[in-house]
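Hi everyone, thanks for making time this morning. I'd like to walk you through a model I've been looking at, so please pull it up as we go.

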Amino acid sequence: MIDSTAPPLDELADSWSGIHEDYDDLHNDAYDRTVLDCAARLSADPGGESALAWTIGLLLTAPYVAWGEDDDVAPHVKAVLEAADRTLRDRPCDHDDHPYQEHDAEYDLDLAEFPYQLADESAEWDEDHSREQWLCPRNVAGFARIALDIVDPGSVTGIPPRLPLMDRRGIDTLSAILHGYPEPGTDVGEEISSVAFGLRIAGPEDRPGRLLIVMAVTWYAVSDFVDDASLLDELVSALEEALPHFAGASCTHGVHVQPPGSGPAAVETGIMLTSPGGRALYEQGRREGRDAPLEHLLCPAALTEIAEESLSVLRARRDELRRGAGQ
């Protein structure tokens with residue numbers, strides 16, 4: 001399956017998996033060479049027998065590529081994946097479905113074993129999909145789109161939804177802060193400022209999510225953990241700028257199902273609502289009777305109530321801190 005000039009499959013898989021787990025290592029020359037070699041081999045023969053292996057390699061290394069998107073590697077990888085998708089997605093096949101259609105982010109690392117499993121036709125095969133379905137050009141195209149979505153979130157359609165990499169990191173970082181145990185190296189003040197800035201620049205589609213994030217951070221911000229009035233001022237200003245966007249809002253919902261009551265859960269929900277993939281994941285995983293319907297979370301009237309409540313407690317705490325500082 002793999003051409004003779006490539007390293008052994010087990011070495012390739014270990015290399016890709018290592019990069020996947022160490023994705024936030026910026027500008028690693030060895031990682032760059034591995035990624036670019038993989039991209040070159042896929043580009044040379046996107047319709048060949050090795051195409052799935054190289055596509056899986058790019059999918060596994062895509063978080064590293066996305067994290068260092070300011071360098072020259074990401075544009076090249078995107079171009080190669082786009083070309084592979086164009087070349088393969090409309091190839092004829094007789095399959096009713098393909099593995100990529102059921103693939104979720106939590107199983108990314110499991111893909112590392114498939115190139116050498118597929119290469120050994122004598123090996124036992126116990127997957128739900130056949131070898132032919134895995135090797136089908138349309139399946140390769142599907143995994144290429146998944147890799148593209150990791151590198152450039154929201155740029156493709158026709159794949160299972162997933163949360164952008166930066167959003168997953170945002171959930172982890174803010175949840176740790178709200179639990180009272182920030183991750184080592186976290187600048188809490190900077191993170192709170194970032195939350196305010198995110199709401200300030202939000203567009204109509206992601207403004208509800210950004211507002212929920214501010215709501216989640218508010219109860220931490222008005223606690224004894226924060227004694228910098230300027231941080232609360234940033235949150236207050238962001239809410240004051242957001243409220244006019246919901247002016248005159250009304251609805252027919254009667255009673256709204258409330259967003260999550262705990263800070264970490266509200267942060268996760270808010271961040272999920274800031275991207276198309278996240279919103280689709282929320283709907284997909286929503287528990288009837290336990291989680292608020294998406295239409296309630298996006299309702300302008302409900303959002304106005306949330307913004308006004310958060311604004312009230314933030315102003316009160318800010319003014320208290322200013323009085324204490326003699327300002």
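**Helix packing and cysteines**

Let me start with a detail: where H10 and H11 cross, the crossing is left-handed. Before we go on, please keep in mind that this is a predicted model.

Now let's step back for the overall picture. The chain has 15 helices and zero strands. Its C-alpha trace spans about 75 × 45 × 30 Å along the principal axes. There are 327 residues, and 48% of them count as buried. If you take the contacts with a separation of 6 or more, 75% come from residues 24 or more positions apart.

Back to our helices. Two packed helices are described by the angle between their axes and the distance between the axes. For H10, residues 207–221, and H11, residues 229–242, the axes come within 11 Å and cross at roughly 150°. Because angles over 145 degrees count as roughly antiparallel, H10 is roughly antiparallel to H11.

Which residues in H10 meet H11? They are Leu211, Val214, Val217 and Ala221, and on the H11 side you'll find Leu232, Leu235 and Leu239. That contact divides into seven nonpolar residues, with no polar and no charged ones.

H11 has another partner, H15, which covers residues 300–324. Here the axes come within 9 Å, again crossing at roughly 150°, so H11 and H15 are roughly antiparallel to each other. This crossing is left-handed too.

As for the side chains, H11 brings Ala229, Leu232, Asp233, Leu235, Val236, Leu239 and Glu240. Among the H15 residues they meet are Leu311, Leu314 and Leu321, and also Arg315, Arg317, Arg318 and Arg322. The contact of H11 with H15 divides into nine nonpolar, one polar and six charged residues. Notice that Leu232, Leu235 and Leu239 are in the contact with H10, and these leucines also take part in the contact with H15.

One last topic, for anyone thinking about cysteines. How many disulfides does the count come to? Zero, with a cut-off of 2.5 Å between the sulfur atoms. Why is Cys136 not bonded to Cys93? Cys93 holds the closest cysteine sulfur to that of Cys136, but at 3.9 Å this is too far for a bond. Cys136 counts as buried, at 4% relative accessibility.

It's a similar story for Cys251: the closest cysteine sulfur is in Cys299, 3.6 Å away, which is too far for a bond. Cys251 is partly exposed, though, with a relative accessible area of 32%.

That's my tour, thanks for listening!

Terms used
Residues are numbered from 1 along each chain as its sequence is written. This is a predicted model: local features need pLDDT of at least 70, side-chain atom pairs count only at pLDDT 80 or more; totals for chains, interfaces and linings use all residues. Side-chain values use heavy atoms; hydrogens and water are left out. Axes are lines fitted to C-alpha atoms, for helices over the stretch in contact, and angles run from 0 to 180 degrees between N-to-C directions. Helices (H or I, at least four residues) and strands (E, at least two) are DSSP runs, numbered from the N terminus. Angles under 35 degrees count as roughly parallel, over 145 as roughly antiparallel, 65 to 115 as roughly perpendicular and the rest as oblique. A crossing is left-handed if the near helix is turned anticlockwise from the far one by less than a right angle, and right-handed if clockwise. Contact means heavy atoms within 4.5 Å. Ala, Val, Leu, Ile, Met, Phe, Trp, Tyr, Cys and Pro count as nonpolar, Asp, Glu, Lys and Arg as charged, and the others, Gly among them, as polar. Buried means under 20% relative accessible area, exposed over 50%, partly exposed in between (1.4 Å probe, protein chains only).
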